[in-house]
Amino acid sequence: MEKLALLGGKPVRDIRVNPWPKWPVWDQNEEKALIETLNSGIWSYNGPMETEFNRRFAEFTGTKYAISAANGTVTLQMALEACAIGVGDEVILPGLTWQATAATIIDVNATPVLVDVCEDNWCIDPKAIENAITPRTKAIIPVHLYGSFCDMDEILKIASKHHLYIIEDCAHKHGGEWNGLKAGSIGNIGSFSFQLSKLLTAGEGGALTTNDFKLAERLDALRNCGRRPIEMKKAVDKYVDKGAGVYSDQGNFLQSGNYRITEFQAALLIEGLKRLPEQNRVRDENGIYMNSLLAAIPGVTPMKRDKRETREAYYNFSFRYKQNEFKGLAVSKFREALTAESGIQVSPSYEPLNNCSLYVPLTKPARHKLNDKYWKGIDPKRFRLPVCDRIYHEESICIHHKVLMGIKADLELIAAAIFKIYDNAESLLK
Ligand SMILES: Cc1ncc(COP(=O)(O)O)c(C=O)c1O
């Protein structure tokens with residue numbers, strides 16, 4: 001029997017001699033762009049970096065308009081507000097996502113309706129969406145989770161049948177494609193995060209994408225203290241298609257806050273975006289290879305990849321674990337063992353939002369207790385999410401996307417580490 005690293009044995013990968021690829025990635029181009037921004041004295045507010053990044057990100061996502069903002073939480077909130085979603089409205093979202101997807105719905109005084117996900121890709125289950133629709137439903141927020149894509153064909157059908165908005169949460173999916181269409185270009189609005197762990201990052205940041213001029217105009221105002229597009233006109237005139245640009249609301253201000261990005265963030269994003277297509281290509285190729293290795297290992301199941309996912313983008317590489325095939329070894333112990341063998345952090349999925357320590361809507365009555373009915377409606381404990389629960393408690397294995405940024409031999413070591421744990425699972429049961 002080989003001694004597992006968790007029990008003091010030699011790890012499969014010694015990261016002191018063979019470290020994992022680093023994240024984030026930067027070089028002299030970022031340094032130069034940051035120094036140039038510093039010396040320009042233009043550090044924020046519709047500056048040249050922000051304008052240029054918006055233009056490039058719209059082009060990258062295949063949308064007409066991209067509007068950058070402070071982070072991927074406020075982008076969701078602005079998307080809801082731009083669709084005029086608020087008091088009395090319901091928004092359907094998956095129970096397996098980061099807390100912000102639901103929290104922002106409460107922040108616009110609407111009701112988040114949590115539904116279950118598909119067990120083979122962990123994304124929102126279209127059947128569960130249908131079952132949750134009521135006359136108050138206004139929107140669906142599909143979250144393209146980790147390395148998976150929501151079934152956008154089904155979601156588009158449901159949305160069109162019930163006249164619902166689709167706000168794609170693309171925080172994990174910069175550059176992913178469904179049937180050749182980029183994430184963020186399929187629904188009415190796409191919402192992106194550029195937080196440090198994301199596929200495109202400026203430390204913090206976010207962006208909204210849309211093909212709808214009216215929505216773009218509102219989003220632009222919402223991120224900029226409600227200022228109407230006379231500012232947007234100056235900033236985006238270069239790339240708005242001229243026919244669409246009727247600036248009818250000039251001069252009318254909206255109630256909003258300051259969700260602007262800085263020029264330093266935009267400078268980093270311009271450089272990061274240049275690398276992203278090649279990084280995505282490498283991750284996609286390595287993801288396919290890793291899945292082929294997993295398919296040959298007992299006790300683990302690769303995530304399902306739909307053939308309509310023409311380009312995958314991986315925020316995390318994830319797969320499914322079967323405890324009974326590892327002699328009853330709990331998934332938490334398996335994750336610890338794989339972390340020790342591989343030298344890369346192995347984590348569970350998000351906690352399902354009906355029981356998530358960071359999603360606690362009933363803790364701010366001064367802000368959210370509009371009335372007793374609403375208060376009951378936002379209690380997440382009223383939702384049953386058996387698939388989300390099983391994924392979180394029994395099955396989920398998630399590894400940061402940098403695991404896919406190296407060479408194939410890296411992935412063979414991960415596979416070797418899983419085999420080693422499989423062969424020696426008994427030693428961890430004692
Ligand atoms: C699915 C999802 N949506 C939204 C967000 C919020 O993004 P941010 O951290 O930029 O506010 C995140 C961040 O992790 C996320 O994972």
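This is a short tour of a predicted model, stop by stop.

**The ligand.** Select the ligand and show its surroundings. Of the 14 residues around it, those that come nearest are Gly72, Thr73, Trp98, Ala171 and Ser193. Colour the shell by residue character and you will find 9 polar, 4 nonpolar and 1 charged.

**Strand S1.** Now select residues 65-69, strand S1, where 5 of 5 residues are buried. Turn on the side chains: Tyr65, Ile67 and Ala69 point one way, while Ala66 and Ser68 point the other way, and all are buried. Next, add strand S9 (residues 206-210), which pairs with S1 in the antiparallel sense over 5 bridges. One pair to pick out is Ala69 and its bridge partner in S9, Gly206.

**A three-stranded sheet.** Move on to the open sheet of 3 strands with the order S7-S6-S11 and antiparallel pairing. Strands S7 (181-182) and S11 (309-311) stand at the edges with a single partner strand each, so one side of each has no neighbour in the sheet. Zoom in on S6 (residues 177-178), which is joined to S11 by 2 bridges in the antiparallel sense. Here Glu177 has Arg311 of S11 as its bridge partner.

**Helix H13.** For the last stop, select residues 386-395, helix H13, and highlight the buried residues Val387, Cys388, Ile391, Tyr392 and Glu395. Look down the axis: these residues cover an arc of only 135°, which puts them on the same side of H13. What lies over them? The cover on the buried residues of H13 includes strand S12 (316-321), helix H10 (331-342) and strand S14 (396-400).

How values were computed
Residues numbered from 1 in each chain as written. Predicted model: local features only at pLDDT ≥ 70, side-chain atom pairs only at ≥ 80, totals over all residues. Near = placed C-beta within 6 Å. Nonpolar A, V, L, I, M, F, W, Y, C, P; charged D, E, K, R; others polar. Pairing = 2+ DSSP bridges. Helix = DSSP H or I, 4+ residues; strand = E, 2+ residues; numbered from the N terminus. Buried ≥ 20, exposed ≤ 12 C-beta atoms within 10 Å, placed from the backbone. Arc of directions from axis to C-beta. Contact = placed C-beta atoms within 7 Å.
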